[in-house]
Amino acid sequence: MKVLTIVGARPQFVKAAAVSPVLRRRHTEILVHTGQHYDYTLSAVFFEGLGIPRPDINLNVGSASHAVQTADMLPRIEQAIIEAQPDCVLVYGDTNSTLAGALAAAKLGIPLVHVEAGLRSFNMAMPEEVNRILTDRVSRLLLCPTQTAVDNLHAEGIRDGVCLVGDVMFDIAARSAEAAGSGNDILRRLTLTPGEYVLATIHRAENTDDPACLSEIVYALAECNQRVVLPLHPRTTKCLETFNLLETLRAASNVVVTEPLAYLDFVCLLRNARLVLTDSGGVQKEACFHRIPCVTLREETEWVETLESGWNLLTGANKQRILLAMRIQPTRGRRDCAGMELWDGRAAERVMEQIESM
Ligand code: UD1
């Protein structure tokens with residue numbers, strides 16, 4: 001088979017690191033990078049660190065409004081598909097690159113494979129929710145990471161092509177656990193003691209673009225009386241500057257602000273953290289996978305299994321709720337997360353098998 005895969009943003013590079021090598025053992029893959037993420041720390045560092053094959057085509061779209069960015073990708077992806085004549089197009093997750101790839105493939109009548117199908121936050125104000133609902137609607141094969149995702153699709157009347165394969169991010173998490181620990185000097189570089197710091201990430205539009213929300217989070221970090229490491233996404237840095245909050249953060253002696261980190265450095269920090277504080281979907285489940293308690297700075301999550309098992313707690317962007325959760329979450333009772341039987345490092349193999357049977 002010839003599979004044309006579309007990636008564009010940081011979490012998609014991690015997923016491609018799991019799936020591309022497996023696909024390439026038996027098939028031809030053409031990797032298209034839309035250029036949605038272009039900074040070295042959000043893009044190239046992942047290709048280098050995770051051994052992802054170099055993109056065959058780079059569309060260099062860069063940043064813009066949602067409409068402009070998505071529209072810019074469409075004719076370029078269409079051209080790439082027409083030239084490559086693939087048997088199917090594969091997209092990951094819920095970014096603007098996912099939606100553009102889905103639309104281009106569907107309109108050309110090329111079967112679309114969606115990896116990470118069926119996730120729902122039930123919050124249509126999130127651009128990601130719009131992207132994944134529309135992508136699922138035009139997908140031929142909907143490969144779900146959890147039973148909840150399968151149930152969500154069934155509830156929307158989508159049954160054909162729906163299949164539970166597990167989470168390809170866990171393939172990489174499992175493989176990286178050891179590599180992230182041995183010889184990694186990130187803790188020394190940041191003068192951190194294992195188990196004595198909080199790892200925080202913030203980048204979701206609902207938190208970064210609203211000055212009131214961003215300010216609640218910044219003051220929670222500054223006033224929590226715990227050491228906090230905060231690798232800053234470029235979107236967040238820009239918003240902190242715009243709302244005059246960057247100085248507040250830099251002035252807080254307990255907060256260590258860093259550039260976005262390479263994957264293995266991040267995993268090393270995560271595995272040694274006392275607690276993770278995040279609004280990222282991927283980081284929530286990685287915390288659960290590595291058995292680190294997590295507090296999620298959102299009002300809802302697509303990964304409900306992490307809540308039910310006690311590994312995750314939602315606070316929204318509210319300073320008092322965040323401070324309370326930071327105190328109680330590290331010591332709450334927890335049990336194994338539902339769906340763990342699929343954390344076997346073989347999700348990418350199941351993705352390939354499903355594409356082959358389609
Ligand atoms: C995107 C995804 C989100 C995913 C996240 C991972 C959408 C709608 N959102 O959000 O689902 O969880 O990636 O990081 O697709 N920027 C840079 N350098 C870069 C990339 C972005 O400076 O390399 C800045 C730009 O100012 C841009 C802003 O970040 O305007 C937001 O970029 P965007 O492409 O919307 O992606 P994310 O916010 O990262």
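Mentor: Helices here are DSSP runs of H or I with at least four residues, numbered from the N terminus. This is a predicted model, where local features need pLDDT of at least 70, side-chain atom pairs count only at pLDDT 80 or more, and totals for chains, interfaces and linings use all residues. Residues are numbered from 1 along each chain as its sequence is written, and side-chain values use heavy atoms, without hydrogens and water.

Trainee: Which helices each supply at least two residues of the shell around the ligand?

Mentor: They are α3 (66-84), α5 (127-137) and α11 (234-242). The largest share, three residues, comes from α11.

Trainee: What makes a residue part of that shell?

Mentor: One of its heavy atoms lies within 4 Å of the ligand. There are 21 such residues, and the closest are Q36, H37, H233, R235 and K238.

Trainee: How do you know that E128 makes a polar contact with the ligand?

Mentor: A polar contact is a pair of N or O atoms within 3.5 Å; within protein, one must be able to donate a hydrogen and the other to accept it, and residues adjacent in sequence count only if both atoms are side-chain atoms. A polar side-chain atom of E128 lies 3.0 Å from a ligand oxygen, so the pair qualifies. For Q69, a polar side-chain atom lies 3.3 Å from a ligand oxygen.

Trainee: Why is N207 called buried?

Mentor: Buried means under 20% relative accessible area (1.4 Å probe, protein chains only). N207 has 3% relative accessibility, so N207 counts as buried.

Trainee: Which side chain joins that of N207 in a polar contact?

Mentor: That of D279, at 3.0 Å.

Key. Buried means under 20% relative accessible area, exposed over 50%, partly exposed in between (1.4 Å probe, protein chains only).
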